[in-house]
Structures are given as C-alpha cells and as structure tokens.
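Colleague: I'd like to get the hang of the vocabulary for aromatic rings. Could you take me through this one?

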Amino acid sequence: MNEVRPLRSGRAARLLPRRALGVVAALVGSLVVVSPIGPVPAVLADDDGLAVTDEATFRVDPTTGAIHVEEILHLTNTKSNVRHGNMIEKPYFTGMAVPVVAANFGVSADQNGKPLRVEVDPSDGTAYTRAMVHLANNLFAKKSTTVTVRYDVIGALPRSEDPVRATPAFVFFPAFARGDANRATVRVVVPGDWTVDLDRLPAGMTHAEAFGNTILTAENIADPLHFTAYIIASKPEQFRVIDTTDREGNRYRLRSWPVDGEWMDFAKRQVDAVPEIATLIGQPWPVPGILTVDETVTQYFEGYSGVFRPETSSVDIGEDLDQTTMLHELTHAWFNDRWFADRWVNEGLAETYAGLMLTQLGGTPRQPEAVGTSDPGAFALNDWVPVFQGTDAQETFGYNASYLVMKSITDEVGPERMRAVFDAVAHGTPVYRWPRQGGNDSIDEVAVRSDWRRLLDLLETVGGSKQAATLFANRVVSAGERDLLQTRAKVRAGYDTLLGALTDWAPPRELRRAMEQWRWNDATQLLNDALATIALRDQLVARAAAAGSTVPSNLANQFEVAVHATFPALQQQIRDLLATVPSPRPSVPATTTTQPPTTTTRLPTTTTTPRPTTTTSNPLTVSG
C-alpha cells in the first residue's frame with residue numbers, strides 16, 4: 001500500500017523564486033466557412049462552436065518512471081449550416097491545438113482509429129507546450145468525432161529549467177484535462193509500491209487503491225482551464241543511498257536519483273561541515289540517530305529551495321547544488337520550533353549562520369537587502385504567516401527582513417556572545433538570573449522553547465546588543481506591541497537602578513519572575529515596592545553603622561521572597577527597627593592643651609568623631 005506523506009505547514013524552509021510552470025492553454029480549433037468563393041479561415045473562441053469532452057489518463061511506468069499519457073477527446077461541432085439564397089454556409093473544423101507536457105516524447109494521435117498528422121511546438125521554458133492535431137476529415141456542423149492523443153512524459157535532466165522530472169525513483173509532473181466545464185476528467189495511476197504525496201492535490205481529487213495501484217481521480221471538473229494536479233511520487237528503494245558520518249561520528253543517509261551522482265557528491269561535502277557548524281553555534285549536533293537528506297524538486301513547485309522536518313529528522317533539498325541552501329537547512333537542526341517559537345527567528349538565524357559557515361568554507365554569502373514598510377508584501381515579522389499561506393511578495397519580504405534583523409544583531413555582538421545566547425536557550429537559563437553559592441539560580445529554570453520576547457531579553461542581557469530593541473520595534477513587533485516594548489524599557493531601567501542599590505541583597509524572586517514572563521504591570525508594582533524598601537533599608541544601615549550595630553540578616557531573606565502583598569509588612573518592620581536604633585550623638589571636640597614654649601612648636605590636634613552619612617535612595621516610580 002502506498003505511503004501518504006503530508007507536507008506540514010510551519011516547516012523550516014528557504015525561499016527560492018518559483019520556477020515557471022506556465023499556464024495550460026485552452027483547446028484551440030480552426031473554424032472554416034465553405035462558400036462558392038472558397039474557405040475563409042477564422043479564429044475560434046473557447047466556446048465558439050466546438051464542444052469538447054476530455055478524459056485524460058496519466059500512468060506512471062514503474063520500471064522507467066516515464067508517464068504514459070492518453071487523452072480521449074470527444075468533439076462535437078455545435079454550429080449549424082446557414083442558407084443564403086442559393087448558397088449554404090457550412091462551418092467546419094480542420095484540427096485543434098491540444099496542450100501537452102513539454103517534456104514529451106512520441107506524440108501521436110488518431111481519429112476513430114485512423115492516424116493523424118501532429119505538429120508539436122517547441123517548449124517555451126515552461127512545463128507546457130501544444131500539439132497541433134490535424135483531423136483526417138473535416139468536422140462539419142452537428143457532427144461528432146473522437147480523437148485520441150498519446151505521448152510519454154520523459155522528464156527533464158537535473159538542473160534543467162523545466163521542473164518536470166520522471167525517473168525510476170521519483171516523478172513530478174502536472175496532470176490536467178482541457179474539456180468544457182463539467183466535461184473533463186483527470187485520472188492518474190501510480191504503482192502501489194510508490195510513495196504518493198497527496199497534500200498538494202487540488203480539492204475534490206480522490207484517491208483509492210485498486211489493482212495494485214493508487215488511482216487519483218478528478219471528475220466533472222467545473223473549471224478545467226484552471227485545474228492542474230501536481231503529482232509527486234517516489235519509489236524509495238530506487239534511490240541511490242549512501243550512509244555516511246562526519247568526523248564527530250554524526251550519521252547521515254543521503255538519497256539521490258540514480259542519474260545524479262553529482263548531487264550525491266555535493267551533499268556529502270556539505271554534511272561533512274556539520275561539526276564546524278556546531279562549533280559556530282556552540283551546541284552539539286541535536287539530531288538523534290540518522291539525518292536523511294533527499295534530493296527532490298517538489299519544494300520548487302511550492303516556491304522553496306529546501307525544507308527541514310525536525311519531526312522526521314529529514315531534509316528535502318533541491319537539485320541545484322546550492323551550498324547556501326544546504327547549509328541553511330542543516331542549521332535548521334538547531335533553529336527550529338524546538339528552540340524558537342517564531343518563524344522569522346528560525347529563518348533569520350538559519351540564513352545568518354549559513355552565511356557565516358559559507359564564509360568559513362571560502363564562499364561568499366549573499367547580503368540582505370534593505371527593507372521598508374512600503375515594500376511589496378511588507379509586514380511586521382511577528383505577523384508572518386505559516387508556510388504556504390502567504391503570497392510570493394510576503395514570503396520574499398519575510399525571508400529578507402528576518403535575515404536582515406538577525407544578521408545585524410549577530411554582526412554587532414559577535415559569534416561568541418551569540419553562543420552564550422544559544423546556550424541559555426538550550427539549557428533554559430533564566431534571563432534575570434541571580435546565582436547563589438554553587439552556581440544555582442534562586443528561581444526555577446524556564447522553558448527551553450523561546451519566543452521573540454525571551455530572545456530579545458537574551459540578546460540584550462546575555463548578548464549585550466544595543467540595537468536589538470530598536471530593530472525589534474521597527475521590524476518585528478506589530479503596532480499594538482510597541483507599547484509593550486516601551487513599558488519593558490522603563491522597567492528594565494528601574495531594575496538596573498535597583499541592582500546598583502542592592503549591595504549584598506538579592507533582588508526579589510517574584511520581580512524577576514514577572515520580568516521573565518513579561519508581566520510588566522506586576523513587575524512595575526514589585527519594582528516600586530523594592531525600590532521603596534531599599535530606600536528604608538539604606539536609612540537603617542546608616543543609623544545602625546553609626547550606633548556600631550548591623551542590620552538583621554533575616555531582612556535580606558524576607559526581601560528576596562517578598563511579593564506585592566508582603567512588602568508593606570517588610571517596610572513597616574524596617575521602620576520599627578529604625579525607631580529602636582538611637583540617633584547618633586553630636587560630635588564633641590577633644591580638649592586642646594597648650595604646651596610651654598620650646599624650640600619646637602606642635603600644631604594643635606583636634607580629634608573628631610566622624611558623623612555618619614545617610615544615603616537615601618528615592619523610590620523610582622515606573623508607570624505601566
């Protein structure tokens with residue numbers, strides 16, 4: 001039984017300009033009017049007198065991979081003879097143009113069993129061309145006939161402009177019929193031991209298992225002119241397979257078409273670079289077991305040059321021997337939704353690190369282009385829709401803008417600090433951590449999967465970026481999220497003030513939790529509570545020092561575990577302690593004794609007890 005392999009949305013991918021599949025033209029006929037002065041050719045419109053029923057069958061050859069095509073066209077001349085005095089005008093058809101797959105071989109036709117003359121136009125670089133079929137007999141008014149067109153789809157060679165492929169291991173081709181509305185049927189027959197990808201099929205096309213085959217069927221097609229089923233199928237055991245390892249022992253299975261050894265050699269060189277990519281990122285290769293890398297062209301149809309699937313540890317990569325694309329997909333082993341929840345983050349990092357790796361290997365990466373809000377398809381990166389759901393303009397903008405943002409930040413902070421950021425992501429290290437003795441943090445670790453908010457915190461706090469917040473405000477967040485960034489900036493500034501005033505106290509855990517979780521209203525309350533408490537503590541410290549005493553150690557512990565509801569009690573406790581510590585007495589000058597005159601005179605010495613200096617930190621009010 002065939003394996004149905006769906007293509008999931010939201011996959012990691014790299015954009016490529018779509019290859020031209022072209023548009024299948026409608027059937028064209030030649031209308032000729034018979035009169036005493038001879039035939040007069042005229043152009044036939046789509047619905048001008050020729051009724052067409054088209055039954056097209058595309059059958060995959062299990063041995064060669066070629067697709068055998070047969071179209072049965074039932075033609076009826078719906079025009080009527082017209083009498084003009086002693087003349088009869090008899091409209092008739094002499095032939096028609098039938099669209100065929102450009103990668104064709106041996107196009108032939110017959111009319112009710114009689115061979116017909118066929119002329120095939122050269123391909124224009126798209127997946128389609130046309131065959132001019134000349135009828136054996138003119139098709140006069142109210143007459144019908146049947147024409148059968150046959151040909152084989154042999155597919156183009158790897159790295160050809162024509163995207164159609166037909167090999168013993170893999171096929172990708174368009175299936176269509178061009179009859180009138182509700183009078184067209186498409187049938188595709190695939191051997192039962194091939195894997196069929198059904199996700200890209202048009203709505204309404206059914207599949208069934210019969211006679212050892214998978215049969216895909218679309219009947220009574222409402223709009224045949226705009227109907228095309230793109231068939232993707234493979235026979236895994238026919239792929240050329242090489243199992244290989246890199247110098248670190250990471251394992252890969254490379255699968256290419258039998259006719260493309262050049263691609264296999266190329267893929268082997270790229271996976272050998274994985275240990276260098278791991279060093280650049282600072283984290284070990286995260287794929288357990290074997291990473292499978294398949295040669296395909298299906299993603300070209302979808303508009304992408306490569307696809308990484310973390311759930312199956314596999315990569316679909318194009319035939320074009322594009323080193324940046326291969327490195328981009330390999331870096332998605334790290335940069336996928338297991339680490340980062342946002343599509344733009346994963347794509348921007350994958351392209352950035354593919355470029356860094358390409359530079360190390362002696363290549364020249366492409367540079368991101370400047371982007372603006374007036375660009376075609378422009379949007380805030382947080383609004384980027386999943387794969388397959390955006391327009392070409394939106395996808396182009398999203399890939400370029402995400403690359404621009406992440407490359408700018410990586411260039412600013414450098415790979416070493418970015419490694420520290422990735423390490424914090426990989427291990428769930430809190431952004432607002434406060435290590436205790438032994439290196440443990442006093443708040444729990446956070447989830448490993450990060451969104452754009454945690455990434456921004458890490459880029460600034462761990463990476464030391466000064467431009468990340470501006471880039472996020474200009475390119476990442478939507479209009480409704482900009483206020484969130486402004487509140488965050490105020491709280492973080494107040495938090496820095498608090499850290500500067502803490503001395504040997506730890507910041508409140510709940511404040512750090514609120515900041516970690518971007519609960520800025522709660523963080524604002526807790527920050528103001530903490531600043532007010534530290535101001536009282538500073539008064540107590542100064543007065544206790546003047547009295548030769550110290551502040552009770554339990555206050556620091558209470559401060560660290562305080563929440564908004566318990567801060568008032570803590571502050572009152574400090575005020576009560578202030579009331580019990582006596583104010584320092586005024587300083588009394590020491591007695592000065594005048595010595596009898598001698599040959600040496602000493603200057604008077606005055607001993608003064610220093611007056612303690614009281615430093616009061618005013619609470620910083622941070623409004624939300």
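Modeller: Sure, let's start with phenylalanine 172, which has 2% relative accessibility and counts as buried. This is a predicted model, where local features need pLDDT of at least 70 and side-chain atom pairs count only at pLDDT 80 or more, while totals for chains, interfaces and linings use all residues. Residues are numbered from 1 along each chain as its sequence is written, and side-chain values use heavy atoms, leaving out hydrogens and water.

Colleague: What makes phenylalanine 172 count as buried?

Modeller: Buried means under 20% relative accessible area, exposed means over 50%, and partly exposed is in between (1.4 Å probe, protein chains only). Phenylalanine 172 has 2%, so it is buried. Tyrosine 230, at 14%, is buried by that rule too.

Colleague: Why is the pair of phenylalanine 172 and tyrosine 230 called stacked?

Modeller: Rings of Phe, Tyr and Trp (its six-membered ring) pair if their centres lie within 6.5 Å; planes under 30 degrees apart are stacked, over 60 edge-to-face, and the rest tilted. Here the centres are 6.4 Å apart and the planes are at 25°, so the pair is stacked.

Colleague: How do you know that arginine 343 sits over the ring of tryptophan 384?

Modeller: The rule wants NZ of Lys or CZ of Arg within 6 Å of the ring centre and within 35 degrees of the ring normal. The charged end of arginine 343 is 3.9 Å from the centre of that ring, and it does sit over it. Tryptophan 384 also belongs to a cluster linked by ring pairs, with Tyr304 and Phe379 among the other members.
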